[in-house]
Amino acid sequence: MAEQDGSAVRDEVAAARRIVVKIGSSSLTTAAGGLDADRVDALVDVLAKVLDGDGKGDGGRDGDGKGGDGKGGANGKEIVLVSSGAIAAGLAPLGLDRRPRDLARQQAAASVGQGLLVARYTASFARYGRRVGQVLLTTDDTSRRAHYRNATRTLDQLLAMGALPIVNENDTVATDEIRFGDNDRLAALVAHLVRADLLVLLSDVDGLYDGDPRTPGTSRIDEVRGPADLDGVSIGSAGRSGVGTGGMVTKVEAARIATAAGVPVVLTSASRAGDALLGRHTGTFFHRTGRRSANRLLWLAHASAPRGALTLDDGAVRAVVERRTSLLPAGIAAVEGEFTAGDPVELRDTQGRPVARGLVNFDAKEIPQLIGRSTRDLARELGPAYEREVVHRDDLVLLD
């Protein structure tokens with residue numbers, strides 16, 4: 001757990017070309033809840049230096065060819081910024097002294113704050129001749145196949161045209177059932193979505209500690225190679241500022257999601273963003289634990305909230321889990337919840353244990369008449385539209 005020599009370089013980080021950077025609310029706002037222009041500018045200065053590749057921070061100004069007309073930065077690097085701060089930025093203008101707990105007022109604050117946030121980024125990046133593009137996502141936009149492809153195309157096109165995407169959850173319309181819950185998890189999923197080489201999580205803490213960093217005797221963990229490295233580590237759940245939703249728990253979970261999808265992660269403070277992006281030994285480095293995949297089902301596993309549940313008989317559980325087959329009506333024993341075709345549902349065994357999650361092809365009210373019956377019989381009685389899977393294997397992900 002000892003800290004490494006600060007002059008050394010993490011080669012895998014330094015070599016990353018497409019990078020997702022996530023910044024938390026506490027690193028962008030004042031204690032009163034308004035945007036801190038100096039903090040936003042400081043972050044933009046760092047990102048511009050990385051894109052320009054000159055280490056000076058003044059490249060790309062005044063139409064010299066580095067300012068966003070080409071693809072990526074002067075050194076071929078591309079950045080997608082996942083930025084919190086919309087709700088926090090909207091507090092002061094609406095006369096709120098703290099983050100509201102109810103969804104309606106959170107959405108009102110986000111509606112006011114999101115415009116302020118993007119306007120501040122637009123003005124700040126304009127100092128370097130760079131354009132930004134706003135991308136607001138909900139889980140519903142990304143767990144469904146067609147929407148997932150569209151999100152990928154949009155982000156890829158923005159990067160290809162030299163714009164820097166600024167991603168946030170669409171708080172103004174998201175309901176409790178279709179929220180990512182925190183932008184750390186959103187950032188991990190965006191890193192998978194854009195096939196990033198690196199995810200950098202910026203916070204108000206300079207890494208993961210083996211206890212409360214305010215307690216004497218605790219030390220920062222330099223590298224995490226797998227879950228075993230975190231055995232016995234006490235991970236705090238709350239941030240210090242009170243304006244965000246995340247904490248160290250959400251950051252470690254985001255790192256787990258990203259590294260399992262083949263994307264390494266650096267976790268550090270916003271004040272050390274420059275060192276982190278250059279590959280210097282700062283913060284905590286999470287090594288990749290899985291292989292890169294284009295599988296959109298990562299979204300289904302981590303970004304969707306089930307709208308209902310289907311109980312499977314023992315034979316259907318074996319077929320789905322062991323043989324990776326689609327779920328047919330004959331294997332369903334019970335249904336619960338209210339959902340429509342295309343919604344995510346949980347698949348459970350007869351003991352009520354979740355075994356998989358999938359996108360269902362029928363409304364909840366249609367399922368009871370299908371239970372235990374063959375698709376051939378259903379087609380003969382109800383028509384050809386019923387000769388299909390309840391959950392197709394391409395829309396199904398197994399749960400650990």
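Two strands count as paired if DSSP finds at least two bridges between them. The structure treated here is a predicted model.

**Exercise 1.** Determine in which sense strands E2 and E4 pair, and which residue of E4 is the bridge partner of leucine 81.

*Solution.* Begin with the two segments, E2 at residues 78-83 and E4 at residues 164-169, which pair in the parallel sense over two bridges. Then look for leucine 81, whose bridge partner in E4 is isoleucine 166.

**Exercise 2.** Place these strands in the sheet and find its edges.

*Solution.* Reading across the open sheet of eight strands gives the order E3-E4-E2-E1-E5-E7-E8-E6, with mixed pairing. At the edges lie strand E3 (132-137) and strand E6 (223-224), each of which pairs on one side only. Helix H2 (residues 37-52) packs on this sheet, where it touches E1, E2, E4 and E5, and its direction makes about 160° with that of E2.

**Exercise 3.** Describe how helix H4 packs on the sheet, and check its length.

*Solution.* Helix H4, residues 103-126, touches E1, E2, E3 and E4, and its direction makes about 155° with that of E3. For the length, take 1.5 Å a residue, so that the 24 residues of H4 should span 34 Å, which agrees with the 34 Å between its end C-alpha atoms. The helix nevertheless bends by about 30° at glycine 113. Gly113 is also one of the buried residues of H4, which include Ala109, Ala110, Leu117, Val118 and Tyr121. Finally, the buried residues of H4 pack against E1, H2, E2, helix H3 (86-91), E3 and E4.

Conventions: Residues are numbered from 1 along each chain as its sequence is written. This is a predicted model: local features need pLDDT of at least 70, side-chain atom pairs count only at pLDDT 80 or more; totals for chains, interfaces and linings use all residues. Side-chain values use heavy atoms; hydrogens and water are left out. Helices (H or I, at least four residues) and strands (E, at least two) are DSSP runs, numbered from the N terminus. Contact means heavy atoms within 4.5 Å. Axes are lines fitted to C-alpha atoms, for helices over the stretch in contact, and angles run from 0 to 180 degrees between N-to-C directions. The expected span of a helix is 1.5 Å times one less than its number of residues. The bend at a residue is the angle between axes fitted to the seven residues ending there and the seven starting there. Buried means under 20% relative accessible area, exposed over 50%, partly exposed in between (1.4 Å probe, protein chains only).
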